[in-house]
Every structure is written in C-alpha cells, then in structure tokens.
Amino acid sequence: MSLTKDERETFDRANLIKLAIENQKNSYAPYSNFNVSAAVLMASGKIYLGVNVENASYPCGICAERNAIFHAVQEGEREIVAIAIVGGPNYTIKEYCAPCGVCRQVMREFCDPQKMKVIIAKAVDDYKEMTLEKLLPESFGPEALK
C-alpha cells in the first residue's frame, strides 16, 4: 500500500519530528559531540530512523539522514516523501540542523525534489519546512543518466 497524494501532503509532521527527537539519544558522536537524528517517511507510509555514527577514522562514519535512507532502501523502499532532522551538541537541540551536501544528493536519488519535504526542527512545534529542490537547486538526478 502506498500513501495517497493527499496523505503525502497532510502527513503527521509532529509525529515525524517527535520520532527524530526521541531517536537522537541513539546517536554515536564521541568525537564531535554533535548528535543528529533523522526520521524519513517513505511512500509506503513506513518511517525509518537513523542517527549519525562516528568512527575514530573519521571518513568511516555516516550521517543520520543517509543512515535512515539506506535502511529504508535495504527494506525495498525507493521513494521518500519527507524527512525530519534534528541535531545539536551533547544531545541538545538548540538550532535548526540542515542536512549536509552529501545527504542532500542521496535524498535526490530517491524522490521528486519538487515534492519531497525536508523538515529541520528544534521542537515538535518549532520547525522549518522546504522542498529538496529549494535545498539542492539545479540538482543532478537519475534521469540525467537516461
């Protein structure tokens, strides 16, 4: 089963943000002490969670957004509807936490950038929402290789 067009617009933003906030405690960031969590809503209606995981060999870590998306892809999902992202130092959330460029490009692989919603939040009722197209204008996607 897949979300309807209306459900893709009216999904429960508060729940998506709440799940990301609750999941932040699972972040592993002993080097930067900057803990990030993401909750990604897929077209199936399922939500997948991810956290950043650091490593003593810095390039071996992964961002929360890619962690969540890759988990969804591993489960057979291919279309992102929305993602909620929270983060901050020492498990706090003081500012909005925007996704890095690499994560934006990974999101682009699995969505329509004009429709996919990116939510960066400080709290369930304090967030910014934009499309991926706004965050990654003039993007390179799978259709460019056809």
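Contact, for this talk, means heavy atoms within 4.5 Å. Keep that in mind. The model is predicted.

Start with I69. Which residues is I69 in contact with, leaving aside its neighbours within four places in sequence? The list is V40, I80, I83, V106, M107 and F110.

Now the wider setting. I69 belongs to the largest nonpolar core, which has 26 residues. Five members touch the most other members: I69, I83, I85, M107 and V118. Two of those, I83 and M107, are also on the contact list of I69.

Where does this core come from? Strand 1 (34-42), helix 3 (64-74) and strand 3 (80-89) each supply at least two residues. Helix 4, strand 4 and helix 5 each do that too. Helix 3 gives the largest share, five residues.

There is another core, apart from that one. It has 14 residues, including A20, A82, A84 and I119. As background, nonpolar side chains in soluble globular proteins tend to be buried together.

On to the charged pairs. How many salt bridges does the model have? The count is five. I'll take three.

First pair: E9 and K117. Their closest N and O atoms are 3.8 Å apart. The cut-off for a salt bridge is 4 Å, so this pair qualifies. E9 sits in helix 1 (residues 5-10), and K117 in strand 4 (residues 117-123). They are 108 residues apart, so the bridge links distant parts of the chain. Buried or exposed? K117 has a relative accessible area of 12%, so it is buried. E9 has 42%, so it is partly exposed.

Second pair: R13 and E129. Their side chains meet at 2.6 Å, N to O. R13 lies in helix 2 (residues 13-23) and E129 in strand 5 (residues 126-131), so the bridge ties together parts 116 residues apart in sequence. R13 is buried, because its relative accessible area is 15%. E129 counts as partly exposed, because its value is 31%.

Third pair: R108 and E143. Here the N to O distance is 2.3 Å. R108 is in helix 4 (residues 101-109). E143 is in the segment after helix 5 (132-135). The two are 35 residues apart. Why does R108 count as buried? Because its relative accessibility is 5%, and buried means under 20%. E143, at 45%, is partly exposed.

One link back to the core. Helix 4 holds R108 of this bridge, and helix 4 also supplies at least two residues of the largest core.

Definitions and conventions. Residues are numbered from 1 along each chain as its sequence is written. This is a predicted model: local features need pLDDT of at least 70, side-chain atom pairs count only at pLDDT 80 or more; totals for chains, interfaces and linings use all residues. Side-chain values use heavy atoms; hydrogens and water are left out. Helices (H or I, at least four residues) and strands (E, at least two) are DSSP runs, numbered from the N terminus. Buried means under 20% relative accessible area, exposed over 50%, partly exposed in between (1.4 Å probe, protein chains only). A nonpolar core is a set of buried Ala, Val, Leu, Ile, Met, Phe, Trp, Tyr and Cys residues joined through side-chain atoms within 4.5 Å.
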